[in-house]
Amino acid sequence: MRAVLVGPPGAGKGTQAQILASELSIPKVSTGDIFRANVSGGTELGKQAKAYMDRGDLVPDEVTNAMVRDRLKEQDAKQGFLLDGFPRNVAQAEALNKILDDLGERLDAVLELKVDEEEVVRRLSGRRQCRNCNHVHHVEFDPPRSEGVCDNCGGELFQREDDSEHVVRHRLEVYREQTEPLVSFYANEGILVAIEATGSVDEVTERAKSALRSRA
Ligand code: AP5
């Protein structure tokens, strides 16, 4: 399965990608997680990306596309992958088609997670992410057993700088203007499947699995 998850910030892309990737034994490739790892590691890529991320703007396409190209060439992505957070505009979608053409591969499905904006703000204000393994908790909907400690690996949980309400509102504008056009782009390619992403994490996973099965 080679699939993309698309949806507004906080729709649950990362949460679902982690569960589905583990069940399908394929890697989850999250551009946001790769950028954050580079920011914490103080790399040149991290330095380039940080100011865009803090404002809630997209990191320039040249930087992002090159990073994804390198990642998809790695051995573990040969049997499939779930892309979380990429592509994020039509130019990136066209770049992805080119990357996959060069690798002799093609996308099987684009899964759209639909959720309303007030729910997004609620989800993101309570999100806590693990510094070590990127596992995502929510203080109310999925609290860790011990406060501030990741259930998955015991790492430290932190609150993302771009999860403050005014940055979230800006990320939603960026989503509407730049990312939402991908829904019709992929509908035209005949590979879009959409699900409601409200309800419990398990309920959303069940909907996601049946939508992806329809494209397998
Ligand atoms: P990125 O990390 O990709 O952020 P995003 O797309 O805004 O998405 P989020 O990670 O905020 O949300 P999510 O949908 O994964 O939700 P999650 O599962 O965590 O990007 C960050 C920044 O990096 C961008 O702003 C940009 O600067 C840069 N960037 C990244 N990719 C780029 C690209 N391609 N091009 C250019 N720049 C790029 O869930 C959210 C919360 O809700 C969690 O707490 C979770 O526990 C909870 N939750 C999940 N599901 C449920 C449920 N069903 N019920 C209740 N709570 C739930």
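The following questions and answers deal with a predicted model, its ligand site, one of its strands and its largest nonpolar core.

Residues are numbered from 1 along each chain as its sequence is written, and side-chain values use heavy atoms, with hydrogens and water left out. Because the model is predicted, local features need pLDDT of at least 70 and side-chain atom pairs count only at pLDDT 80 or more, whereas totals for chains, interfaces and linings use all residues.

User: How many residues surround the ligand?
Analyst: A residue is near the ligand if one of its heavy atoms lies within 4 Å of it. The closest are Thr15, Asp57, Arg88, Arg127 and Arg171. The number of residues that surround the ligand is 35.

User: Which residue has a side-chain N or O atom 2.9 Å from an oxygen atom of the ligand?
Analyst: A polar contact is a pair of N or O atoms within 3.5 Å. A backbone N or O atom of Gly12 lies 3.0 Å from an oxygen atom of the ligand, and a backbone N or O atom of Gly85 lies 2.9 Å from a nitrogen atom of the ligand. The side chain asked for, with its N or O atom 2.9 Å from a ligand oxygen, is that of Lys13.

User: Which element gives the largest share of the shell around the ligand?
Analyst: Helices (H or I, at least four residues) and strands (E, at least two) are DSSP runs, numbered from the N terminus. Elements giving two or more residues to the shell include helix H1 (13-24), helix H6 (117-125) and strand E6 (136-138). The largest share, 4 residues, comes from H2.

User: Are Phe81 and Leu83 of strand E3 buried or exposed?
Analyst: Buried means under 20% relative accessible area and exposed over 50%, with a 1.4 Å probe and protein chains only. Both faces of E3 (residues 81-84) are covered, with Leu82 and Asp84 on the other side from this pair. Phe81 and Leu83 are buried.

User: Which residue stands opposite Asp84 in E3?
Analyst: Two strands pair if DSSP finds at least two bridges between them. Strand E1 (residues 2-6) runs parallel to E3 with 4 bridges, and Val4 stands opposite Leu83. Strand E2 (residues 28-30) is also parallel to E3, over 3 bridges. Opposite Asp84 stands Ser30.

User: Which element gives the most to the largest nonpolar core?
Analyst: Such a core is a set of buried Ala, Val, Leu, Ile, Met, Phe, Trp, Tyr and Cys residues joined through side-chain atoms within 4.5 Å. Of its 24 residues, Leu82, Leu111, Leu113 and Ile195 touch the most other members. The element that gives the most, with 4 residues, is H9.

Notes. Polar contact = N/O pair within 3.5 Å; in protein donor to acceptor, adjacent residues only side chain to side chain.
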